[in-house]
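Student: I would like a close look at the aromatic rings in this structure and at the part of the chain that surrounds them. Please take it slowly and keep to what can be computed from the atoms.

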Amino acid sequence: MLRVALLVAGLIAAAAFAGCNRSTRLPVSGTVTIDGQPLASGEIAFAPASPGQGSSAGAAIERGKYSISADKGLLPGDYKVSIHAFRGTGKKTWDGMGEPTAPESQKKFVEQLEQYVPPRYNEATELTASIRSGKSSNVNFDLQIGSGKSAK
C-alpha cells in the first residue's frame, strides 16, 4: 500500500512539474519605427530561425507598438522577424466579387494597396530576435527605408 501511495505521489509531482514546463511561452512586445517615426499600422511575425525550433507568433502594430501575450507568445530561441505595412496608392481596382462581365457601373471598386516596407524586412527578411527565459522580451525595430521610397 505504501508503494502505491508513493507511486501516486510521484506521478502527481511529475505531472505538476511537466505542467510548469509545458507553458514556457514568453510575452513579447516592442516598438517598430520607420526612419525614426512610429509605424502607423502594420503586422509583425516571428518565425523560428531553424525549422522545428521554437514557436511562431505575430501581432498587429498600432502607432508603432505591438504586444504578444504569454499565452500566444514565443518559446525561448532565435527568430526571423518579418514586418508588413500597406498604404493606399490612390488608384481604384475591382474587388473581384460578382460577375466579371458585369458593366463597370455594377462592380465595386476599392483602393489599391501597396506594400511599402522593403522585402529585406519581410519576404527576404534580415531581421532577427533572440528570446530568452528570464530576460526582458522587449524587442524594438527601427527600419530604414528613406523617405518616399517604396518596396518596388
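Tutor: What follows goes from the whole chain to the aromatic pairs, and then to the core and the strands around them.

A word of care comes before the details, since this is a predicted model. The protein chain has one helix and ten strands, and the order from the N terminus is α-β-β-β-β-β-β-β-β-β-β. Of its 152 residues, 30% count as buried, while the exposed area of the chain comes to about 10000 Å², of which carbon and sulfur atoms supply 56%. If one takes the contacts between residues at least 6 apart in sequence, 68% of them join residues at least 24 apart.

Now to the rings themselves. A pair of aromatic rings is described by the distance of the centres and the angle of the planes. A search of the whole structure gives two aromatic pairs. In one of them, the ring centres of phenylalanine 46 and tyrosine 66 are 6.1 Å apart and the planes stand at 45°, so this pair is tilted; phenylalanine 46 belongs to strand β3 and tyrosine 66 to strand β5, 20 residues apart, and the pair thus links distant parts of the chain. Phenylalanine 46 counts as buried because its relative accessibility is 1%, and the cut-off for buried is under 20%. Tyrosine 66, with a relative accessible area of 4%, is buried as well.

Phenylalanine 46 also forms an aromatic pair with tyrosine 79, and this pair is edge-to-face, at 6.5 Å centre to centre with 80° between the planes. Here phenylalanine 46 lies in strand β3 and tyrosine 79 in strand β6, so the pair ties together parts that are 33 residues apart in sequence. Phenylalanine 46 and tyrosine 79 are both buried, and the ring pairs link Phe46, Tyr66 and Tyr79 into a cluster.

Next comes the core. The largest nonpolar core has 27 residues, and Phe46 and Tyr66 are among those with the most contacts inside it, as are Val32, Ile44, Ile83, Phe141 and Leu143. At least two residues of this core come from each of the strands β1 (28–34), β3 (41–48), β4 (57–62), β5 (65–68), β6 (77–84), β9 (127–131) and β10 (141–143).

Phenylalanine 141 deserves its own look: leaving out residues up to four places away in sequence, phenylalanine 141 touches Thr31, Val32, Thr33, Ile44, Tyr66, Val81, Ile83, Leu127 and Thr128. One of these contacts, threonine 33, is found in strand β1 and is buried, with a relative accessible area of 16%. Beyond its neighbours within four places in sequence, threonine 33 is in contact with Pro38, Leu39, Phe141, Asp142 and Leu143.

The strand that holds tyrosine 79 can be followed a little further, since β6 pairs with β9 in the antiparallel sense over five bridges. Within this pairing, glycine 77 has isoleucine 131 of β9 as its bridge partner. The covered face of β9 carries Leu127, Ala129 and Ile131, whereas Thr128 and Ser130 form the uncovered one.

One other aromatic ring may be noted separately: lysine 107 lies over the face of tryptophan 94, at 4.5 Å from the ring centre.

Note on methods
Residues are numbered from 1 along each chain as its sequence is written. This is a predicted model: local features need pLDDT of at least 70, side-chain atom pairs count only at pLDDT 80 or more; totals for chains, interfaces and linings use all residues. Side-chain values use heavy atoms; hydrogens and water are left out. Helices (H or I, at least four residues) and strands (E, at least two) are DSSP runs, numbered from the N terminus. Buried means under 20% relative accessible area, exposed over 50%, partly exposed in between (1.4 Å probe, protein chains only). Contact means heavy atoms within 4.5 Å. Accessible areas come from the Shrake-Rupley method with a 1.4 Å probe; for residues, only the protein chains shown count as cover. A nonpolar core is a set of buried Ala, Val, Leu, Ile, Met, Phe, Trp, Tyr and Cys residues joined through side-chain atoms within 4.5 Å. Rings of Phe, Tyr and Trp (its six-membered ring) pair if their centres lie within 6.5 Å; planes under 30 degrees apart count as stacked, over 60 as edge-to-face and the rest as tilted. A charge sits over a ring if NZ of Lys or CZ of Arg is within 6 Å of the ring centre and within 35 degrees of the ring normal. Two strands pair if DSSP finds at least two bridges between them.
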